[in-house]
Amino acid sequence: VAGSTCSSCAVSPEYSPGAAAQDEGPSQQSQYADGSMWQGENYQDSVAITGDGSNVDMSFVSMTSQSGFFQDSEYEGILGFGGAMLALSGTDSYVSKRALKQFGFRFCGNAGGTMWLDTPDASAQTGSAQWAALNTSLGYYLVTLGGAAAGGSALDGASGLAVADTGTTGM
């Protein structure tokens with residue numbers, strides 16, 4: 001998450017360690033395919049997502065600098081929903097710490113969207129829910145596609161194994 005000591009983050013609100021937070025020391029960094037990157041300090045603190053009443057104690061990075069990561073966006077950080085094996089060393093997986101059994105997303109372009117944790121909203125679905133189990137040996141969601149279409153036209157080569165991902169900085 002963007003930390004209060006990050007002069008290049010320019011987002012609000014920023015994470016400011018509370019009295020119970022523990023500075024866990026080593027600096028972390030991550031760079032993405034589009035060239036954006038961030039670095040920061042590991043902390044352990046109580047974490048909750050707005051609208052989710054469950055706080056969990058977890059280790060995460062408080063960003064101290066970034067380049068291109070918050071460019072033209074309202075991001076305040078990144079929350080991975082993969083397994084613990086995809087988390088950076090010294091950080092935790094929210095899915096694992098929160099013990100989520102299911103979650104879902106509805107994307108609505110610039111109009112926002114919705115994320116459900118443990119209790120999907122059936123009224124928001126246009127069809128039956130589709131489930132993909134976490135591949136515990138790889139740490140991500142691997143699904144088998146029967147096909148895909150855009151604008152009513154079938155897409156060539158849109159079948160086989162695929163990774164379910166909500167997007168990246170290049171989305």
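A nonpolar core is a set of buried Ala, Val, Leu, Ile, Met, Phe, Trp, Tyr and Cys residues whose side-chain atoms come within 4.5 Å and so join them. Keep that in mind for the exercises below, and remember that this is a predicted model.

**Exercise 1. The overall plan**

Work out how many helices and strands the protein chain has, and in what pattern they follow each other.

*Solution.* Start with the count: the secondary structure comes to one helix and 10 strands. Next, read along the sequence, where the pattern is β-β-β-α-β-β-β-β-β-β-β. To picture the extent of the protein chain, place its C-alpha atoms in a box of roughly 50 × 35 × 30 Å along the principal axes. Finally, look at how the chain meets itself: among contacts with a separation of 6 or more, 43% join residues 24 or more positions apart.

**Exercise 2. The largest nonpolar core**

Find which residues of the largest nonpolar core touch the most other members.

*Solution.* This core has 13 residues, and Phe 81, Tyr 94, Leu 100 and Leu 117 are the ones that touch the most other members. Now see where the core residues come from: strand S3 (56–67) and helix H1 (94–98) each supply at least two. The largest share, three residues, comes from S3. Take a closer look at Leu 100. Leaving out residues up to four places away in sequence, Leu 100 touches Phe 81, Tyr 94, Val 95, Leu 117 and Asp 118. As a last step, turn to another core that lies apart from the largest one; it has nine residues, including Ala 2, Trp 38, Val 61 and Phe 69.

**Exercise 3. One residue, Gln 31**

Decide whether Gln 31 counts as buried or exposed.

*Solution.* First locate the residue: Gln 31 is in strand S1, which covers residues 22–31. The relative accessibility of Gln 31 is 59%. The cut-off for exposed is over 50%, so Gln 31 counts as exposed. Then check its contacts: beyond its neighbours within four places in sequence, Gln 31 is in contact with Ser 36 and Met 37. For a sense of distance, Glu 41 is 10 residues from Gln 31 in sequence, and their C-alpha atoms are 15 Å apart in space.

**Exercise 4. Surface and charge**

What share of the accessible surface belongs to carbon and sulfur atoms?

*Solution.* The protein chain has an accessible surface of about 10700 Å², and 50% of it belongs to carbon and sulfur atoms. On the buried side, 26% of the 171 residues count as buried. Then add the charges: there are 4 positive and 16 negative ones, and their mean positions lie 14 Å apart.

Notes. Residues numbered from 1 in each chain as written. Predicted model: local features only at pLDDT ≥ 70, side-chain atom pairs only at ≥ 80, totals over all residues. Heavy atoms only, no water. Helix = DSSP H or I, 4+ residues; strand = E, 2+ residues; numbered from the N terminus. Buried < 20%, exposed > 50% of the residue type's maximum accessible area, 1.4 Å probe, protein only. Contact = heavy atoms within 4.5 Å. Areas by Shrake-Rupley, 256 points an atom, 1.4 Å probe, with all protein chains shown as cover. Lys, Arg positive; Asp, Glu negative; His and termini not counted. Charge placed at Lys NZ, Arg CZ, Asp CG, Glu CD.
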